[in-house]
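Biologist: Please give a close account of one part of this model, the second largest pocket. Thereafter, please set that account beside the contact between the chains and the enclosed spaces.

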Amino acid sequence: MVNKYIKAIFLTSILFLIGVSLMNFFDTSRIENVSNEIEIVLLDSEAIQQLIFYESIFEDSDSVCKILSNRIDSQIEKTRTLLSELESTNAQVMFGDTRIPKLKYRIQNIQLYLLIEKARKDCGGISVIPVLYFFPENELCVDCVVQAKVLDSIVQQNSKLRVFALPVGTDIPVADALAIKHSISKYPSVVIEGKLFEGLVSEEVLKSAISS
Amino acid sequence: MLLLVDCKTSVFNSLESYFFMHIRPRTVIIFLLILAVVFFCVKLISLYWVVIFFNVILLFINSVFLFAYFEIKPKEHKLKNWPSVTIVVPNYNGANNLVKCIEYVKNLEYAGKKEIIVVDDGSTDSSRKILKRISGIKLILNKKNKGKAGVLNDGIAAAKGEIIVTIDSDTYPEPDCLTKMVPLLKPGVSAVTGFVRASNTNGFVEKIQEIEYLVSFGFFQKVLSDLNALMVTPGPMSVYDAKFLRKIGGFDEKNITEDMEIAFRIRENGGKMVTCTEAHIFTEVPTNIRHLFTQRVRWYRGKFMNTLKYNKMLFNPKYGDFGVFTFPFSVIMEWCVVLFLFIFVAGNIENLFYYFTLVASFLTVSNNIQVLVPALFSLNSSILFYVMGACFYAIFIYYSHLLANDKLSIKKLPEITLFIMVFGVFLVLVFFTGFFKEINKSDYVW
């Protein structure tokens, strides 16, 4: 006859193992879901890049511009909730790693920005206004979070805007290049239509910058 | 010195507005110390792992109880000579239920001699008038209010029977209770407890308590009895060996939960307690949350007091399963519950400060508060362990219904769900308040 305490320790250990492995399963599948969504838009933007390549060969800018503006709109639509999904997943999971989906998201983000700039330069008639928001990756910066929230608020009111959050000092070379190009020295910094706003900027100042 | 920090807490006042509390400096220091220790624990390992750790302890306790339940073997009890019995009914301002209670007490079937003593503890309502009209009972009328323990001791002193049965004045035992409980009082056994159940089950608060009583006096008491680990001889109705009760000096008049204290003292003096889940005792339960809260805070403070008084029993193999498992683990669990609240607060202090600075800063640059609400709410997967604990409780509720011969109908689903999900939160608040009042040495309230 086995003692009830030993039985209980046995059962508890089994339950603990089951619990932990189930948690592991749920967390990894949750990360995988977000990761897959990001993968799809990343592939999509890579496919769009082929258009640019096509244009450089055949110089057929009319049809390219038409397709490009449609594709940009659909990309913006697809990536709308992706970042908040990724952030909440990152905050909630106890197992698994969100570094890779995060990096993929950032690469896709930069590609989208470059595509928009390319379309604006070559085609014109693109209604999207890109807003660049620079923040330091490895520093605690309360003002940056506030600035991000302010930008969220503006985006809610103006659907033409698309914010590109650019972490400076990480493995995204284009973000660093953009920071040097706009001579960013202070965080947070916001660039709208070539105009640089350093430090925490209020909603009204940003709004007037957009409308002018 | 003690008046250095002399302020009233509005939070607790709102819970018990009639009760004014004074916070002593010691209380504040102890709380801050605990908060600091817990804060560093949460920083070292994550908040969720601490919660999982608590849940795993709870799973262990529950599985021990489950295995112990399966090990119970049925026992038979037969009695040839029925010893004489004295029923002591203490009463204080219980006029509403008194007539019904005495009627039930009189209707108790018993083959031996039966004596009923009603002790009135200086009631200020119509209790005395009612009592004087009832025939066939022995009356003791105290002029001064002594408290329940004192009244019970008066009853014990006047009792002639070999067995003493205490019955609260708001309790209605079923007629066969005595004939079922008394045979268990064999030599070596000093007290027998019964299956206490809620009699008034109209409101929802009562319905949740009905489930709680079913589980704690059904499943848990049955297991505890088999392990010889009963921690309380319930006030509503318990049967004692008169000789033993007199030997250990009766009830403790200074204790706020005299029914728990007597159980500890019986154990200390080598007495054994058993339970009879076939004897159903119905008692009035609090009908609103505030009364329930006050009652539970009193119970918890009584537990706290008795734990300190009988701390030598903690982890003491001399007291068997009680000393090694049930008593220490019940204390650990209660401390975990109090710690849990501390952890919840400590783990969120930093976030809270951060959030307030964020909001304050945000309001200076924008007035669109809507964006501050997180877009996606999601649950952490550590909730799985909570679900496992809930499953154990569902099993306990099922077995308790079997013990009570009650039907487990789908109609009971809301109260069972609420009992499993929400009652724990209520108990967390109770333990926290009780703990707070106990280290603050606040006055006792009934």
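Modeller: In what follows, Ala, Val, Leu, Ile, Met, Phe, Trp, Tyr, Cys and Pro count as nonpolar, Asp, Glu, Lys and Arg as charged, and the others, including Gly, as polar. The model is predicted: local features need pLDDT of at least 70 and side-chain atom pairs count only at pLDDT 80 or more, whereas totals for chains, interfaces and linings use all residues. Residues are numbered from 1 along each chain as its sequence is written, chains are lettered from A and ligands numbered from 1 in the order in which they are written, and side-chain values use heavy atoms, with hydrogens and water left out.

The lining of the second largest pocket comprises seven nonpolar, six polar and eight charged residues. A pocket is an open set of points on a 1 Å grid over the protein atoms alone, with protein on both sides within 12 Å along at least five of seven lines; lining residues have an atom within 4 Å of a point. The second largest pocket holds about 480 Å³ of space, a volume being the space filled by probe spheres set on points joined across faces, edges and corners. It has 21 lining residues, and those closest to its centre are B:Lys75, B:His77, B:Leu184, B:Ser225 and B:Thr275. In chain B, helix H7 (177-181), helix H8 (204-226) and strand E8 (272-283) each provide at least two lining residues; helices (H or I, at least four residues) and strands (E, at least two) are DSSP runs numbered from the N terminus. E8(B) gives the most to this lining, six residues.

Next comes the interface. Here 40 residues of chain A contact 37 residues of chain B, with contact meaning heavy atoms within 4.5 Å. The two chains bury about 3300 Å² between them, 71% of it on carbon and sulfur atoms; buried area is the accessible area (1.4 Å probe) lost when two parts are put together, summed over both. On the chain A side, A:Lys4, A:Tyr5 and A:Met94 lose the most area to chain B and together account for 19% of what that side buries.

Over all chains the structure holds 27 salt bridges, each a side-chain nitrogen of Lys or Arg within 4 Å of a carboxyl oxygen of Asp or Glu. Two salt bridges are counted between chain A and chain B. One pairs B:Glu71 with A:Lys7 at 3.7 Å, N to O. B:Glu71 sits in the loop between helix H3 (47-70) and strand E1 (85-91) of chain B and A:Lys7 in helix H1 of chain A, so the pair joins two chains. Another salt bridge links the side chains of A:Lys4 and B:Asp321 at 3.6 Å, N to O. The side of chain A that touches chain B draws at least two residues from each of helix H1 (4-58), helix H3 (82-92) and helix H5 (142-157) of chain A. H1(A) supplies the largest share of that side, 17 residues. By class, that side has 22 nonpolar, nine polar and nine charged residues.

H1 of chain A also helps to line the second largest cavity, as do helix H2 (61-78) and helix H4 (99-122), each with at least two residues. A cavity is a set of grid points where a 1.4 Å probe fits but cannot get out. Four cavities of 30 Å³ or more are counted, and the second largest has a volume of about 50 Å³. Among its lining residues are A:Ile52, A:Glu55, A:Cys65 and A:Asp122. H2(A) contributes the largest share of this lining, four residues, and the lining divides into five nonpolar, one polar and three charged residues.

Two backbone details of chain A complete the account. The peptide bond from A:Tyr187 to A:Pro188 is cis, with omega near -10°. A:Glu193, a residue other than glycine, has a positive phi near 50°.
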